[in-house]
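Reader: I should like to discuss the architecture of this model in a series of questions. Please show the sequence and the structure before we begin.

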Amino acid sequence: MRNSEAPTHGGMMEIEATTRPSGNGSTTTLPGLSPLSETLWREKANTAEIIGDVSARLTWKDLTVMVTLSNGETQNVLEGLTGYAEPGTFTALMGPSGSGKSTLLDALSSRLAANAFLSGTILLNGRKAKLSFGTAAYVTQDDNLIGTLTVRETISYSARLRLPDNMPWADKRALVESTIVAMGLQDCADTVIGNWHLRGISGGEKRRVSIALEILMRPRLLFLDEPTSGLDSASAFFVTQTLRALARDGRTVIASIHQPSSEVFELFDQLYLLSSGKTVYFGQASEAYEFFAQAGFPCPALRNPSDHFLRCINSDFDKVKATLKGSMKLRFEGSDDPLDRITTAEAIRTLIDFYRTSQHSYAARQKVDEISRVKGTVLEAGGSEASFLMQSYTLTKRSFINMSRDFGYYWLRLVIYIVVTVCIGTIYLNVGTGYNSILARGSCASFVFGFVTFMSIGGFPSFVEDMKVFQRERLNGHYGVTSFVISNTLSAMPFLILITFLSGTICYFMVRLHPGFWHYLFFVLCLYASVTVVESLMMAIASIVPNFLMGIIIGAGIQGIFMLVSGYFRLPHDIPKPVWRYPMSYISFHFWALQGQYQNDLRGLVFDNQTPDLPKIPGEYILEKVFQIDVNRSKWINLSVIFSMIVIYRIIFFIMIKVNEDVTPWVRGYLARRRMQQKSGAQNTTIAPDVLTQSPSLRTYVSTQTK
Ligand SMILES: Nc1ncnc2c1ncn2[C@@H]1O[C@H](COP(=O)(O)OP(=O)(O)OP(=O)(O)O)[C@@H](O)[C@H]1O
């Protein structure tokens, strides 16, 4: 059905009658959807009939987005845009690179960056609405997926994370399978996504998986930023066809599209053409030809319409034309195409002016007013319907499977830990209780709790990947922060227990540290707790510095300082009191680990003196006089402090995520506003504070991080 056949909605009753996707005899079918899943899709939509119309009608009027640049200058990225998107339609945003397509999508989906301010009105079902997590689904340009999972597993985990607990697994699986079919992923369903060392599915298939994850829950409102980028023409057509089928099922679909083929172009219902943030055309895609012809730029018979439109509004075209003229001696003069006779800047100006006074612009404004008057249903956040426990369990399982399949994170680290501890064991083999063993035991412990735990930094790249996936899923309301933090802690536990107990055991028995079960247990527990603290610290860093190199440098720096104040490189009493001893050494887990392990190892043992005629030295004496350790404090207290640090770092990790989501964008926005006001003050111009709306802070951080 072309949009020309789509009904025009004069009021609420009419809207309900035309947009209800299910149970009303609609014959729309999604490609490859089995009858069962079709029923499931429709069941979800059927709720609409019980609770009322839940379709999404989006309007935007006089939308202007202004950004502040780092030098305090302001720039209008979008200027006075007016348009609408209705259920049952697929709206394509087109325009050259930098024309503002992503910004328009961000503005409509409340994801603008903190330095962006919008004025104008955006209404969802006639109401001002903040699209909280999951109300609308958004497929970003980046495909942040878990590389070790197969396509089917990726979509299945997503289903478990979001569908209600009481929905039978068979139904969930049917939904997963139908989504796989709908996105044409059958052939690669059991292939892994792939990462830096694992060859997986192609870029285009990744794009389709990203879309599949968002259409799984059949959102009422779906935004897609360049869903066809990186796809070959057949895949691009297939994906666009699927999106159109989704739209036909009563959903509102808005996507930015780069250079579509003419076949893809034919699938658009509405076309929003932008150039330098201004509207060149908004209306039915099929009517764009006529519009361009009326404006004096008819589409040449053999030219692809999308190429023609983009050529008309692509300021780079002048450069291309000049290059072609120069190098290939092509003659543009005398051609029938008006674009060959005037500059593109002139063409853009003409088109923008023509649109502003056209029937299309008038009709769009009228339609926006008409739709805005209808106060429809407030769309609820369409996030996860799974319980907190199910979310935590599924995330833990998924993360555990990911780790266990990740060669770098799991197996390589295990091998390196074992190799390093065998080296330690060999060098300090059977250390004994001779005079020289006193120092050897001290350095062995500091190496184990310093360098070996330091190696946990190697997990950082996986943490960054985890964070990126988390940010994408969180933004679309797949689960809450608490579930993520809990699962993140639990999933790593078995691996860390294995790695530390295995390497700790090798080290303990080869070196022959203080014999006895409790001494052994303390040693391995202390190693486990220390490695976990480092992991927790690195995870907290990954939540604010989502960059491999920077994160590793920061993590290494912090750990280096902690090691320095641990009491090994400088004795505890000799560490300068301000800053280094108080508080640094006390917040260093190395300090507590070393103090505990020294006690664990030396207490109760008796050591030879420098010469046999001198009396033997008790371990307690060495602890107090040589290592300056408080022997009155139990080693188990030291261990408890390290375990508490794990909890504290996890709480910090949680707080960091919350701060980044809520506070950081607010602060950035405040600073941007200040800069802008100072600048406007200096230029003696006034910016009405009530006109400019700061973008909702909640999602700003995530969207800027994922870009
Ligand atoms: N938060 C921001 N701060 C500064 N400049 C911005 C911001 N957001 C957008 N811009 C600028 O606005 C212009 C439009 O950007 P946008 O990403 O919306 O374009 P686009 O049409 O989606 O481009 P592409 O097709 O290349 O993705 C660009 O010049 C960009 O640099």
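Author: Two residues are in contact if their C-beta atoms, placed from the backbone, lie within 7 Å. The model is predicted: local features need pLDDT of at least 70, side-chain atom pairs count only at pLDDT 80 or more, and totals for chains, interfaces and linings use all residues. Residues are numbered from 1 along each chain as its sequence is written.

Reader: How many residues of domain 2 are in contact with domain 1?
Author: The domain assignment, whose bounds come from an automatic or database source, gives domain 1 (21-54 + 137-218) and domain 2 (388-655). Their C-alpha centres lie 41 Å apart. On the domain 1 side, 16 residues take part in the contact, and on the domain 2 side the number is 17.

Reader: Which element gives the most to the side of domain 1 that touches domain 2?
Author: Helices (H or I, at least four residues) and strands (E, at least two) are DSSP runs, numbered from the N terminus. At least two residues of this side come from each of β6 (137-139) and α4 (151-162). With 5 residues, the element that gives the most is α4.

Reader: How many charged residues does the side of domain 1 that touches domain 2 have?
Author: Ala, Val, Leu, Ile, Met, Phe, Trp, Tyr, Cys and Pro count as nonpolar, Asp, Glu, Lys and Arg as charged, and the others, Gly among them, as polar. By these classes the side has 7 nonpolar and 5 polar residues, and the charged ones number 4.

Reader: What is the relative orientation of α19 and α22?
Author: Axes are lines fitted to C-alpha atoms, for helices over the stretch in contact, and angles run from 0 to 180 degrees between N-to-C directions. The axes of α19 (residues 517-544) and α22 (residues 589-602) come within 10 Å and cross at roughly 170°. Angles under 35 degrees count as roughly parallel, over 145 as roughly antiparallel, 65 to 115 as roughly perpendicular and the rest as oblique. The two helices, α19 and α22, are therefore roughly antiparallel.

Reader: How many charged residues does the contact of α19 with α22 have?
Author: On α19 the contact is made by H519, F522, F523, C526, S530 and V533, and on α22 by F589, A593, G596, Q597 and N600. By class, this contact has 6 nonpolar and 5 polar residues, while the number of charged residues is zero, that is, no charged residues.

Reader: Which strands stand at the edges of the open sheet of 6 strands?
Author: Two strands pair if DSSP finds at least two bridges between them. The order is β6-β7-β8-β3-β9-β10, with mixed pairing, and the twist averages 15° from one strand to the next. Each edge strand has a single partner, so one side of each is left without a neighbour in the sheet; these strands are β6 and β10 (278-284).

Reader: Which residue of β10 is the bridge partner of S275?
Author: β9 (residues 270-275) and β10 pair in the antiparallel sense over 6 bridges. In β10, the partner of S275 is K278.

Reader: Which helix supplies the largest share of the shell around the ligand?
Author: A residue is near the ligand if its C-beta atom, placed from the backbone, lies within 6 Å of it. Of the 15 residues around the ligand, S97, K101, S102, T103 and A113 come nearest. The largest share, 3 residues, comes from helix α3 (residues 101-108).
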